[in-house]
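Let's take a friendly walk through a protein sheet and the helices around it. Have a look at the picture first, and then read on.

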Amino acid sequence: MDYEGKNAVEKSIMGRRSIKKFKKDPVDIDEIIELLNVAKWAPNHKLTEPWRFQLYVDEGKEKFVEAFLTSQERDGNIPEKAQNKAAYFRDIPLHLVVVMPEDSRKKRWDEDYAAISAMIQNFQLAAWERGIGMIWRTNDWTHDPVFKDAIGVKSDEKIVGTLMIGYPQHVPKPEERKDIRTVLTIIDE
């Protein structure tokens, strides 16, 4: 990827990657809190600050993993694929669940979802600058009432994503993105 002529923000945006393979090294919780305090400066109409977080660390990760497994149970059995994913989750240093209220007012919901999405991107970029990687997941099971109930997310709340966080073991190469001109319509009259 060509970064020549790019400023630091542009380089960070273009250089960040979703990380799927993590080192087992612990990540300092205070640093995560510091990064979230930076990320909260996302655009946020009317400053509703619609986010709340649940950070699963150390032995606490097991509650997250068990909630996932419970949501995958079918006829008293947990499929092998789900068991493998649970083992993968256990090896990731941190899991951050990002939650917002489900507001019935469409405009407010849209504004809150946009704000929390911008906040998550801010968090990813700030963490990336410090060598911390993550992947923002929006899996089907995060909508499952069984999973939500098991981790204490209320029925009137939405899980915007689960962020799996740690130091990258592998950083994937950038994938090509189409030129924005292919999806841009300029209306000048």
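## A sheet and its helices

In this predicted model, strand 2 is largely enclosed by the rest of the structure, because seven of its eight residues are buried, meaning under 20% relative accessible area.

Where does strand 2 sit in the sheet? The open sheet is built from four strands in the order 1-2-4-3, with antiparallel pairing. At the edges you will find strand 1 (52-57) and strand 3 (133-137); each has a single partner strand, so one side of each is left without a neighbour in the sheet. From one strand to the next, the twist averages 20°.

What holds such strands side by side? In general, strands of a sheet pair through backbone hydrogen bonds, either parallel or antiparallel.

Now let's follow strand 2 (residues 94-101) to its partners. It runs antiparallel to strand 1, and six bridges join the two. With strand 4, strand 2 pairs in the antiparallel sense over eight bridges. Here are some residues that stand opposite one another:

| Residue | Opposite residue | Strand of the opposite residue |
|---|---|---|
| Arg-52 | Val-99 | strand 2 |
| Gln-54 | Val-97 | strand 2 |
| Val-98 | Gly-161 | strand 4 |

Which helices meet this sheet? Helix 2 (residues 29-39) packs on the sheet and touches strand 1, strand 2 and strand 4 (157-166). The direction of helix 2 makes about 160° with that of strand 1. Helix 5 (residues 106-129) lies across strand 1, strand 2, strand 3 and strand 4, and helix 5 runs at about 160° to strand 2.

Notes. Residues numbered from 1 in each chain as written. Predicted model: local features only at pLDDT ≥ 70, side-chain atom pairs only at ≥ 80, totals over all residues. Heavy atoms only, no water. Pairing = 2+ DSSP bridges. Axes fitted to C-alpha atoms, helices over the stretch in contact; angles between N-to-C directions. Contact = heavy atoms within 4.5 Å. Buried < 20%, exposed > 50% of the residue type's maximum accessible area, 1.4 Å probe, protein only.
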